Amino acid sequence: MAGSGIRVGLIGYGFVGKTFHGPMIAATSGMTLVAVASSRPREVGRDYPDVEVVPTPEDLIARDDLDLVVIASPNETHRLLAEAALRSGKNVLVDKPFMLSLSDARSVVETARLCGKSVSVFQNRRWDSDFLGVKSVIDSGRLGRIAHFESHIEKFDPVPGPGWRDAFVPGAGMWFDLAPHMVDQALLLFGLPTAVMAEIAVIRPESEVDDWFEVILRYPTHRVTLHGSMVVAGGTSRFSVHGAAGSLIKHGADRQEDRLKQGCIPGSPGFGDDDDAMMFHKSDGETETLPTPPGDQMAFYRALAAALRGEKPNPVSTNQALGVMAVIETAIEASKQGRTLPLPLSAEERAGWARAEEALT
């Protein structure tokens, strides 16, 4: 990278670009936000007066003063923009979902390889407080052999809204919105599943897209359940983990997104704090309260900066990205067919996924 650090161009200044990427890039040591492609120049100018605003993604990609292009545009644009940026000699970070299909994901990965550039996926929720807490307890062995892991993200929005998530457009719907994070977390904990069962449905009468799902990842010794719904008013847990030595329950979700919406600076004191403790229900009937560690989504950008400087591996490798896309796509097909399906990954892709996991441990 240049002596001035990693020069970043951001495509898109909607909710994700404004709330997550802009603040995190600005707060990452060694990164400089140089330009933003957006139809909202006044809004960008208010937030970042020294950053140049260009009207189109193509204008941004054509610049010769960028090391990294961050793509936070609508889901259906991810492949074309990522490949164009890679071919122009830039490294690329794509917001989730990585792509709309495994085929598109493979195409982008191959383009990155041919161009000798890095491509990564914004999996910031690996550093959520709730996930870090649950993962630490599982890793400690206190739960014994895991039998069942449940991940729930539910909302109460019984009437579809006017936004793109509820519109019948490519990449819309609850599964595509939440699966990239939920699947990535599950795969970090347990690796690639042997098969996928799924029910992805529309349960709100006015909805044009899926708004409920129950996806089961099959492993030789346990099961992982991923559940999402737009008609849950409360009373459920974010994570439930059941093992031979007891059960771990984490009710409250990470608060970093809420703090970003409030304008808090990412990484500032108390930014990732979570005062909602985990409950460990032991096999002998006793219950122990366990503190939840603070979340730190800024760790993603710090790790990406280190990777681009050649100091560490890519925090979200292309093999991990392909694994997540394989599960997302297989769940959709399993729901359509009403049967359990294996992952359509090649032996080489499976081996690459395992190597990627080893590199990050």
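Two exercises with worked solutions follow, one on a strand and its partners and one on a pair of helices.

The model is predicted, so local features need pLDDT of at least 70 and side-chain atom pairs count only at pLDDT 80 or more, while totals for chains, interfaces and linings use all residues. Residues are numbered from 1 along each chain as its sequence is written, and side-chain values use heavy atoms, with hydrogens and water left out.

**Exercise 1.** Determine which strands pair with β9 (residues 212-218), where strands are DSSP runs of E of at least two residues and helices runs of H or I of at least four, numbered from the N terminus.

Step 1. Two strands pair if DSSP finds at least two bridges between them; β8 (residues 195-201) pairs with β9 in the antiparallel sense over seven bridges, and Ile200 has Phe213 of β9 as its bridge partner.

Step 2. β10 (residues 223-229) also runs antiparallel to β9, joined to it by seven bridges, with Leu226 of β10 as the bridge partner of Val215.

Step 3. Between β9 and β10 lie four residues, and the two strands form a hairpin.

**Exercise 2.** Describe how helix α5 (residues 102-115) lies against helix α10 (residues 318-337).

Step 1. The axes, lines fitted to C-alpha atoms over the stretch in contact, with angles from 0 to 180 degrees between N-to-C directions, come within 9 Å and cross at roughly 170°. α5 is therefore roughly antiparallel to α10, a term for angles over 145 degrees.

Step 2. With contact meaning heavy atoms within 4.5 Å, Leu102, Ala105, Arg106 and Val109 of α5 meet Thr318, Leu322, Met325, Ala326 and Glu329 of α10.

Technical notes. Angles under 35 degrees count as roughly parallel, over 145 as roughly antiparallel, 65 to 115 as roughly perpendicular and the rest as oblique.
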